[in-house]
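Me: Please take a close look at one part of this protein for me: the place where its two domains meet. Tell me what lies there and how the salt bridges fit in.

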Amino acid sequence: MTHSSKQNRPGAGWNFENSYARLPEAFYVRLNPVPVRTPKLVIFNVALAQFLGLNPDALKGDEGAAVFSGNRIPEGAEPLAQAYAGHQFSSFTMLGDGRAILLGEQVTPKGERFDIQYKGSGKTPFSRQGDGRAALGPMLREYIISEALHALDVPTTRSLAVVTTGEPVFRETALQGAILTRTAASHIRVGTFEYAAARGKPNDIRALADYTIRRHFPDLATNGNPYLALLGAVMKRQASLVARWLLVGFIHGVMNTDNMALCGETIDYGPCAFMDAYDPNTVFSSIDHNGRYAYSRQPQIAQWNLGRFAETLLPLIHEDPQKAVSMANEAILRFSDTFRHCWLAGMRAKLGLLNQEVDDGALVEDLLDCMHRHGADFTNTFRDLSSGSLPEASAFQSLDFKQWFERWRARLKRQPDSWEAARRLMHTRNPAVIPRNHRVEEALEAAVERADFKVMEKLLGILSQPYQDLPEQADYHLPPPQSAQPYRTFCGT
Ligand code: AMP
Ligand code: MG
């Protein structure tokens, strides 16, 4: 199989620019995806394609299969593998796109710019021992969870298409190979800066920082100290992002510095999952033995990762190393307050609170403690509260919960807004549906074992409107049936 490169059926709507490829050469290696045998387009995100300015009709069927497998390179793309490093579970490693290829940046009709990246597209110089490939299940899983987070208003990379390759990939057993096309505001990671810093080339770090500012924080270009301002701006986006994760019960699972994007989008869906019963120590990842990336540790880890980012910027922040350290420290120390502010604002909205009282934090924390003690479902508890009367679920029948409920009702009465206004707000912040783990597994099993994509399509449809509460979707609200085995997730490599 050879590339019939640079051919393009007219009208697909590709509009590539390749600004990343103008960075110093150290940041990437130019290469095409490795062609695959018999690509088949199994899922395609029509709404996202339209948003990107692509023509879905021109990208269906064989054309879509050829393009989204990497067998045909769209005109204007300059494929490359990005170089980066990362702290994985706190140890530093040189990494890079070992199984991904950045095609280029699609500029949308509105002038927004999105990376188009293939994941699972074959070996690159960064593949180390890996085969450069991905299995169908994990790629569909990323598709489902990233699209669900998007619908929940959480910034995230998105999923445009999945193709099967017609080639097996060998993990513990032989699995179907697949390629995910994902879009992102960019793939610049904390690890991209760490890579430049580890190579000890100050000009490269500066070029990358200037590029990041131009691409994501253009207002900072005229700042007196743009690099310190960059650190502060990235810190704010991470604080807001992690707060949003916590507000919907999401656990990323592998917050290594290579999996933290400076644009503030959730990136790299491996062992991530949503929590059912509220427990701040929840961990799903099979490799996270010490709970480093547990639900409630996510803010702390984001801050730790920001420390690694800050270290790479020190020479740019101030020529006096000690001054640079104290300026960077000050910026990072602000993370806790910024995070707390985002989280509390989100929690107030979840409880229908439209104004502020000093005890609101305690009110939220007491609710969470109560939920933890009674093993209450995170998503359903908040959604149930918006009914206004004491919900019927068993957790609500305990004395501590009833007392909390009265406190909350009294608090609602002290605000000028009506219950109706509070309820409306609650209904836009407390999803009725999240990608419940058993539902995700069910959809993946149908797709992978029986080539039946209908279960997944139905699930995606429901997840695309998570705040809607239709009676016929009631089954999708249910937590998983009690099982002896706790849910486990895997990195999916
Ligand atoms: P991740 O755990 O997905 O964040 O990946 C960590 C690193 O391993 C990145 O450099 C990936 O490109 C690389 N990697 C993961 N899976 C594979 C694979 N199957 N083949 C080659 N490289 C891989
Ligand atoms: Mg990664």
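**The domain interface and its salt bridges**

Reply: Start with a hairpin. Strand β5, residues 85-88, pairs with strand β6, residues 91-94. The pairing is antiparallel and runs over four bridges. Q88 sits opposite S91 of β6. Two residues lie between the strands of this hairpin. F89 has a positive phi there, near 45 degrees. Keep in mind that this is a predicted model.

Now the domains. The assignment for the protein chain gives domain 1 as 16-187 and domain 2 as 191-343. Their centres, taken over C-alpha atoms, are 23 Å apart. In domain 1, 38 residues are in contact with domain 2, where 39 residues take part. Together the two domains bury about 3300 Å² between them. Carbon and sulfur atoms carry 64% of that area. F27, H87 and F89 supply 20% of the area that domain 1 buries against domain 2. No other three residues supply more. So the hairpin comes back here: F89, with its positive phi near 45 degrees, is one of those three residues.

Charge also plays a part. Four salt bridges are counted between domain 1 and domain 2. The structure as a whole holds 31 salt bridges. Several of them deserve a closer look.

Take E78 and R30. They form a salt bridge, with the closest N and O atoms 2.9 Å apart. The pair links distant parts of the chain, 48 residues apart. E78 is in the loop between α2 (61-68) and β4 (80-82), while R30 is in strand β2, residues 28-30. E78 is partly exposed, at a relative accessible area of 22%. R30 is partly exposed as well, at 44%.

E142 and R182 are another pair. Their side chains meet in a salt bridge at 3.2 Å, N to O. This pair also links distant parts of the chain: E142 in helix α3, residues 136-151, and R182 in strand β11, residues 174-184. They are 40 residues apart. Here both partners are buried. E142 has a relative accessible area of 0%, and R182 has 2%. Buried means under 20%.

This pair does not stand alone. D97, K119, E142, R182, R189 and D268 are linked in a network of salt bridges. D268 has a second role. Its OD is a protein donor of the magnesium ion, ligand 2, along with OD1 of N259. These donors lie 2.0 to 2.2 Å from the ion. Both N259 and D268 are buried. D268 thus appears both in the salt-bridge network and at the magnesium ion.

Two more pairs complete the tour. The side chains of R215 and E105 meet in a salt bridge at 3.7 Å, N to O. D366 and R407 do so at 3.0 Å, N to O. D366 lies in helix α9 (residues 360-374) and R407 in helix α11 (residues 399-413), so the pair ties together parts that are 41 residues apart in sequence. D366 is partly exposed, with a relative accessible area of 31%. R407 is partly exposed too, at 38%.

How values were computed: Residues are numbered from 1 along each chain as its sequence is written. Chains are lettered from A and ligands numbered from 1 in the order in which they are written. This is a predicted model: local features need pLDDT of at least 70, side-chain atom pairs count only at pLDDT 80 or more; totals for chains, interfaces and linings use all residues. Side-chain values use heavy atoms; hydrogens and water are left out. Two strands pair if DSSP finds at least two bridges between them. Donors are N, O and S atoms within 2.8 Å of the metal (3.2 Å for Na, K and Ca); water is not among the atoms, so sites may look incomplete. Buried means under 20% relative accessible area, exposed over 50%, partly exposed in between (1.4 Å probe, protein chains only). Domain bounds come from an automatic or database domain assignment. Contact means heavy atoms within 4.5 Å. Buried area is the accessible area (1.4 Å probe) that two parts lose on being put together, summed over both.
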